[in-house]
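Please look through the structure below, following the chain from its beginning to its end. The paragraphs after it go from the overall layout to single residues.

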Amino acid sequence: EYGISVHAKYQTTKESISEILKGFQRENGSNGYEIFVVNGWDYVQLMDVYSKASKVAREEHVPVLIHVKELTQPQGHSTSGSHERYKTQDRLQWERDYDCIVKLREWIKDFELEDGEGGVLRFVESEAELQQIDKEAKKEVSAAKR
C-alpha cells in the first residue's frame, strides 16, 4: 500500500500496478501477459502462484507478471527515514502482525500433514526447536560473511 514515504494512492495510478497493466492481460487465447496477484505474507498462496506462473511461462511461453501486495516495510523505505512519521498506528500494527518473517514462522510451526498411516508430519515439534534452527542459521550466515 505504500511507496516511498507515501500511500500508493499518491504515487501509483489506480493504486495498483496490476490494475494499470490489466489491459495487457491475455483473454481467450489472445496475446498478452498472464497477471497474478498474491499477498506477500501468505506463504502457501505464494508457493501456489509461483508454481502456476512458472508453468504458464515455461509451457505456454507467455510472459507473466506477479504482483505481490500486502508487504511490510520494517524500516520504511530506507534506514535514514522513519515510516512512523507517515503511517498510521493502525498500519504500523498491521505491519507488525503481517510481517512476512512472522507469518512464515507461524506457518512452519503450524504445518501438519497426515502421512496416510494415521501419523502427523511436522517441520518442527516446538517453538524451542524452531528457535534453535534460527540460532544455527544466524551462526552459519555470520560465519559465511567472514
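**From the fold to single residues**

Read along the sequence, the elements of this protein follow the pattern α-β-α-β-β-α-α-β-β-α. That comes to five helices and five strands. The model is predicted, and its pLDDT averages 86, with 84% of the residues scoring at least 70. The confidence varies among the elements: α2 has the highest mean pLDDT, 96, whereas strand β3, residues 74-77, has the lowest, 62. Where pLDDT is low, the predicted coordinates should not be read in detail.

Some totals describe the chain as a whole. The protein has 146 residues, of which 22% count as buried. Its exposed area is about 10,800 Å², and carbon and sulfur atoms supply 50% of that area. Among the contacts with a separation of 6 or more, 42% are accounted for by residues 24 or more positions apart.

Next comes helix α2. How far apart are the end C-alpha atoms of α2? They are 25 Å apart, which agrees with the 26 Å that 18 residues should span at 1.5 Å a residue. The residues L46, V49, A53 and V56 of this helix are buried. They cover an arc of only 100 degrees around the axis, so they sit on the same side of α2. An α-helix has 3.6 residues a turn, and therefore residues three or four places apart point the same way. On the other side of α2, R58 and E59 are exposed. The buried residues of the helix pack against two strands, β1 and β2 (64-69).

The buried residues of α2 lead on to the nonpolar core. Which residues make up the largest nonpolar core? It has seven: F36, V38, L46, V49, A53, V56 and V62. Both β1 (34-39) and α2 (43-60) supply at least two residues of this core. The helix α2 gives the most, with four residues. In soluble globular proteins, nonpolar side chains tend to be buried together.

One member of the core, F36, can be followed through its contacts. Leaving aside neighbours within four places in sequence, F36 is in contact with V49, K52, A53, V56, V64, L65, I66 and H67. Of these partners, V49, A53 and V56 are among the buried residues of α2.

Two loop residues deserve a look for their backbone angles. H61 comes just after α2, in the loop between α2 and β2. Its phi is near 55 degrees, a positive value in a residue other than glycine. Is H61 buried or exposed? H61 counts as exposed because its relative accessibility is 67%, and the cut-off for exposed is over 50%. E70 also has a positive phi, of about 55 degrees, although it is not a glycine. This residue is in the loop between β2 and β3. With a relative accessible area of 26%, E70 is partly exposed.

Further along the chain is R91, found in helix α3, residues 89-97. R91 is buried, since its relative accessible area is 9% and buried means under 20%. R91 and T72 are 19 residues apart along the chain, and their C-alpha atoms are separated by 9.6 Å.

The last stop is helix α4, residues 100-110, where V102 lies. K103 lies in α4 as well. What sets the two apart in the way they are classed is the cut-off of 20% for buried. K103 has a relative accessibility of 19%, so it counts as buried. V102 has a relative accessible area of 34% and is therefore partly exposed.

The contacts of these two residues can be read with the neighbours within four places in sequence left aside. On that basis, V102 is in contact with R96 and D97. K103 is in contact with W41, D97 and Y98. D97 thus appears in the contacts of V102 and in those of K103. W41 also comes up for V102 in a distance: the C-alpha atoms of V102 and W41 are separated by 8.6 Å, although the two residues are 61 residues apart along the chain.

Technical notes: Residues numbered from 1 in each chain as written. Predicted model: local features only at pLDDT ≥ 70, side-chain atom pairs only at ≥ 80, totals over all residues. Heavy atoms only, no water. Core = buried A, V, L, I, M, F, W, Y, C linked by side-chain atoms within 4.5 Å. Buried < 20%, exposed > 50% of the residue type's maximum accessible area, 1.4 Å probe, protein only. Contact = heavy atoms within 4.5 Å. pLDDT = per-residue confidence, 0-100. Areas by Shrake-Rupley, 256 points an atom, 1.4 Å probe, with all protein chains shown as cover. Expected span 1.5 Å × (residues − 1). Arc of directions from axis to C-beta.
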